[in-house]
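User: I am new to reading protein structures and would like to work through this one by asking questions. Could you take me through the model step by step?

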Amino acid sequence: MKLFKKFFEDDRMAIVPQSGIPFEAFMETFEGWTIQKIIDRSTYINLYIGNKYGLGGEAPGAEGASQAFVEKLVRFVNQDIMKFRPRVYETDEFKKAHNYDEYQSLDKQRRHALKDRFTSRHADDKKALAKATAAYDAVTAQISNTEWMNAWRKARDAEDQGVKDFHNTPLTKEDLSDDGSEEYAELKQAYEMLANN
């Protein structure tokens with residue numbers, strides 16, 4: 001396994017430009033890559049920076065500019081992610097269609113049972129604790145089998161698969177071109193700042 005420093009500085013491994021090529025030409029080098037590959041590489045760079053300067057610490061100079069560039073690159077290529085996470089389960093229509101009221105009623109019972117469990121544990125009342133725990137477990141099992149919870153799981157699984165497919169689809173030249181977005185403008189600016197370091 002490569003050391004972080006070697007990984008970070010290796011032209012073939014890193015996603016940070018090492019030579020003064022024009023921005024648009026550099027972006028074309030990512031054609032055929034996947035978003036997941038870019039995310040994975042950015043993780044290594046962030047780990048390198050975190051190990052060197054502490055988690056949450058800011059790297060100075062070229063390393064800081066590199067980190068900023070990588071963050072902007074991830075933001076740009078990942079900007080359409082919400083198309084795959086529409087969160088339909090948060091809409092009133094979804095809730096109404098899948099008996100959300102039943103779920104809410106049971107969730108209220110679960111919170112009450114959780115409070116009873118906490119109170120009996122605090123009072124060191126073993127009998128009350130056992131009763132509250134049994135009530136909590138029973139209502140939690142009921143919630144797990146509600147129509148809304150099953151529909152929510154199904155919708156979340158579909159979202160997760162959509163994100164996975166999106167992240168693993170090879171990027172095209174069009175995906176990497178100026179789309180007029182704020183993300184693209186910020187990425188280009190970060191590239192120019194990187195070139196000046």
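Analyst: The questions below go from the nonpolar cores to the aromatic pairs and then to some single residues, and it should be kept in mind that the model is predicted.

User: Which element gives the largest share of the largest nonpolar core?

Analyst: The largest nonpolar core holds 31 residues, and I15, M27, F30, I38, F69, L73 and V77 are the ones that touch the most other members. Two or more residues come from each of α2 (23-28), α3 (35-53), α4 (61-77), α8 (147-167) and α9 (182-195). Of the elements that contribute to this core, the one with the largest share gives 7 residues, and that element is α4.

User: How many residues are in the other core that lies apart from it?

Analyst: Besides the largest core there is another one, set apart from it, and Y89, V139, W148 and A155 are among its members. The number of residues in this other core is 11.

User: Which aromatic residues is I15 in contact with, once its neighbours within four places in sequence are left aside?

Analyst: I15 belongs to the residues that touch the most other members of the largest core. Its contacts beyond those neighbours include I38, R41, S42, I45, V70 and L73. The list also holds residues with aromatic rings, namely F26, F30, W33 and F69.

User: Are the rings of F26 and F69 stacked, tilted or edge-to-face?

Analyst: The structure holds 14 aromatic pairs. In the pair made by F26 and F69, the ring centres are 5.8 Å apart and the planes stand at 55°. Planes under 30 degrees apart would count as stacked and those over 60 as edge-to-face, so the pair of F26 and F69 is tilted.

User: How many residues apart in the chain are F76 and Y184?

Analyst: The rings of F76 and Y184 have centres 5.4 Å apart and planes at 65°, so this pair is edge-to-face. F76 is buried, with a relative accessible area of 2%, and Y184 is buried too, with a value of 4%. F76 lies in helix α4 and Y184 in helix α9, which makes this a link between distant parts of the chain, with a separation of 108 residues.

User: Which residues form one aromatic cluster with F23 and W33?

Analyst: The cluster takes in both residues of the tilted pair, F26 and F69, which are both buried. Together with F23 and W33, the members of the cluster are F26, F30, F69, F76, Y184 and Y191.

User: Is T146 buried or exposed?

Analyst: T146 is placed in the loop between α7 (126-144) and α8, where a polar atom of its side chain lies 2.9 Å from the backbone oxygen of I143. Leaving aside neighbours within four places in sequence, T146 is in contact with E102, Y103 and L106. Its relative accessible area is 1%, and because buried means under 20%, T146 is buried.

User: Which ring does the charged end of R117 sit over?

Analyst: The charged end of K95 sits over the ring of Y100, at 4.7 Å from the ring centre. For R117 the distance from the charged end to the ring centre is 4.4 Å, and the ring belongs to Y136.

User: What is the phi of N99 near?

Analyst: N99 has its place in the loop between α5 and α6 (100-122), and at 34% relative accessibility it counts as partly exposed. N99 is a residue other than glycine, yet its phi is positive, with a value near 55°.

Conventions
Residues are numbered from 1 along each chain as its sequence is written. This is a predicted model: local features need pLDDT of at least 70, side-chain atom pairs count only at pLDDT 80 or more; totals for chains, interfaces and linings use all residues. Side-chain values use heavy atoms; hydrogens and water are left out. A nonpolar core is a set of buried Ala, Val, Leu, Ile, Met, Phe, Trp, Tyr and Cys residues joined through side-chain atoms within 4.5 Å. Buried means under 20% relative accessible area, exposed over 50%, partly exposed in between (1.4 Å probe, protein chains only). Helices (H or I, at least four residues) and strands (E, at least two) are DSSP runs, numbered from the N terminus. Contact means heavy atoms within 4.5 Å. A polar contact is a pair of N or O atoms within 3.5 Å; within protein, one must be able to donate a hydrogen and the other to accept it, and residues adjacent in sequence count only if both atoms are side-chain atoms. Rings of Phe, Tyr and Trp (its six-membered ring) pair if their centres lie within 6.5 Å; planes under 30 degrees apart count as stacked, over 60 as edge-to-face and the rest as tilted. A charge sits over a ring if NZ of Lys or CZ of Arg is within 6 Å of the ring centre and within 35 degrees of the ring normal.
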